[in-house]
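Good morning, and thank you for coming. I would like to present two topics today: backbone angles in the loops, and enclosed empty space.

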Amino acid sequence: MSEQECKESQIAAIALKGVSLLGIALLITIPSTFIMTQNHGLDITQKIIFVLCLLSGFLSGIRSWHLYFDSQLLKNIGDKKMSLSDVDQIVKRLFGKNIQGITIENRIKSCYKLVRGFYTLLCLHLFFFVVMIVFFLLV
């Protein structure tokens, strides 16, 4: 790998790690949803919003972990501790996904696509969380 690719990997690793830390918001919002629903009789609308809030929070948490995992792999590639073939073997062993032949540029682009999806899920989760708060304030 060239020095430019190593530098791009390190920059992407820092960006992905920073974005994945937004998942910490889930550690506040998910328990709060359970606390809000205790000792309340929920109607069907509130139950649906509750389930959607938890589902979007769960999916956001998985995506956050995925971004953190990718940031660690890119960091190791950028530091030249691992090669692309080492990363391919790790991903194949852990997830059964064959990613051989994909360039580092395409891997970084796919990671940035994951970031967009994470932002979408996180915004959706926060929307449902705010709707639940409004429901409980009005009731």
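Let us begin with lysine 80, which is placed in the loop between helix 3 and helix 4 (84-95). Please keep in mind that the model on the screen is predicted. Lysine 80 is a residue other than glycine, yet its phi is positive, near 65 degrees.

A second loop deserves attention. The loop between helix 2 (26-37) and helix 3 contains asparagine 39. Asparagine 39 is not a glycine either, and its phi is positive, at about 60 degrees. Is asparagine 39 buried or exposed? Its relative accessibility is 82%, and exposed means over 50%, so asparagine 39 counts as exposed.

I now turn to the second topic. Rolling a probe the size of a water molecule over the atoms reveals where empty space remains. How many cavities of 30 Å³ or more does a search of the whole structure find? The search finds 1. The volume of the largest cavity is about 40 Å³.

Which elements give two or more residues to the lining of this largest cavity? They are helix 3 (44-78) and helix 5 (104-138). In full, the lining consists of Thr37, Leu42, Gln46, Ile49, Phe50, Met132, Phe135 and Phe136. Sorted by class, 6 of the lining residues are nonpolar and 2 are polar, while none is charged.

To close, I would ask you to locate two places on the screen: the loop that holds asparagine 39, between helix 2 and helix 3, and the cavity lined by residues that include Phe135 and Phe136. Thank you for your attention.

Conventions. Residues are numbered from 1 along each chain as its sequence is written. This is a predicted model: local features need pLDDT of at least 70, side-chain atom pairs count only at pLDDT 80 or more; totals for chains, interfaces and linings use all residues. Side-chain values use heavy atoms; hydrogens and water are left out. On a 1 Å grid over the protein atoms alone, a cavity is a set of points where a 1.4 Å probe fits but cannot get out, and a pocket is an open set with protein on both sides within 12 Å along at least five of seven lines; lining residues have an atom within 4 Å of a point. Grid points are joined across faces, edges and corners, and a volume is the space filled by probe spheres set on the points. Helices (H or I, at least four residues) and strands (E, at least two) are DSSP runs, numbered from the N terminus. Ala, Val, Leu, Ile, Met, Phe, Trp, Tyr, Cys and Pro count as nonpolar, Asp, Glu, Lys and Arg as charged, and the others, Gly among them, as polar. Buried means under 20% relative accessible area, exposed over 50%, partly exposed in between (1.4 Å probe, protein chains only).
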